[in-house]
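Here is a short briefing for a first look. Start with the sequence and the structure shown below.

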Amino acid sequence: MRVLIMCDMEGVSGIVNWDQVGGGKAGYAEGRELYTAEVNAAVRGADRAGATEIIVIDGHNAGGDWRYNSLLKGKLDPACDYVAHHTWTHYREPLEQGADACLMVGYHARNNTPDGVLNHTISFSQCRNLWFNDDLVGEIGVNAALCGHFGCPVLMVTGDVAACREAKELVGVGLKTVAVKRGLSKFSARQIAPQRARAMIESCAYEALQDLNAVAPYVPALPVTITAEFGHTDVMMAYTPRPDVELNRPEEKIISRGNTWLEAWDKIWPWEGMPVQ
């Protein structure tokens, strides 16, 4: 059983501010410890469930040399392989070879979610909204669609209450979730103590992998239209149109079309000059 563990930082228990997720910031060392420990919990659960291959993919952009490179490698559980410093959504080898399941650890809610801790969509300063056809999505949706394109289901999502709610609404009620905190504002939360949160994640990962058909892969209806709405004109100015991509300048939107989700996505990601998160 090949299992992917896709991970982000903002949805981890104990993390509530940008300093904890930004490379070189005062709180970043603490954030990395908390992040790595939750990922390890998912690895332990997958290993206990009988996974023969576990690939951890760091999906958090902390900036600079820390782009997709926040895990503490010397503290990772030895049962996993890991991918670091590779552009988000572009490492596809395990999916192309056939992955049985994806577990998502540490995810946050999409932009402008009132109870979403550190909520944003791709870049908190640039991207306001993202749609796959008529589905309003965040980064959970992006990862689910990437996996779904290759027939791989997302079976577990961990993060705050808002992220778990968003994931279930998109993927289906059969999805296993672990809410490690409840947002009180964008920068505060009532949280489960990290040690207990890790135990919950390990148990949920194990349980999620008992039924690989609990939820279907998330595949937006074909053909696919992806619409990204931005908050700054300079992003639009930096973008070079490609075939089947429309720039709607009055509404600050990029619209990409493709016969598959991946075709539409690859036309616009990464956006030139866009500081991804």
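This is a predicted model. Its largest nonpolar core has 86 residues. Helix 1 (residues 28-48) gives the most to this core, with 8 residues. An open sheet is formed by 7 strands.

**The core**
- Which residues have the most contacts inside the largest nonpolar core? They are Leu 103, Phe 132, Trp 261 and Trp 265.
- Phe 132 touches both Trp 261 and Trp 265.
- Not counting residues up to four places away in sequence, the contacts of Phe 132 also include Val 137, Gly 141, Val 142 and Ala 145.
- Tyr 218, Pro 220, Thr 225 and Ile 226 are among the other residues that Phe 132 touches.

**The sheet**
- The strand order is 3-2-1-4-7-8-9, and the pairing is mixed.
- Strand 3 (81-83) and strand 9 (188-191) are the edge strands, and each pairs on one side only.
- On average, neighbouring strands of this sheet are turned by 20 degrees against each other, direction ignored.

**Strands 4 and 7**
- Strand 4 (residues 101-107) pairs with strand 7 (residues 154-160) in the parallel sense, over 4 bridges.
- Met 104 stands opposite Val 157 in strand 7.

**Helices on the sheet**
- Helix 4 (residues 161-171) lies across strand 4, strand 7 and strand 8 (176-185). Helix 4 runs at about 155 degrees to strand 7.
- Helix 5 (residues 194-208) packs on the sheet and touches strand 4, strand 7 and strand 8. The direction of helix 5 makes about 145 degrees with that of strand 8.

Definitions and conventions
Residues numbered from 1 in each chain as written. Predicted model: local features only at pLDDT ≥ 70, side-chain atom pairs only at ≥ 80, totals over all residues. Heavy atoms only, no water. Core = buried A, V, L, I, M, F, W, Y, C linked by side-chain atoms within 4.5 Å. Buried < 20%, exposed > 50% of the residue type's maximum accessible area, 1.4 Å probe, protein only. Helix = DSSP H or I, 4+ residues; strand = E, 2+ residues; numbered from the N terminus. Contact = heavy atoms within 4.5 Å. Pairing = 2+ DSSP bridges. Axes fitted to C-alpha atoms, helices over the stretch in contact; angles between N-to-C directions.
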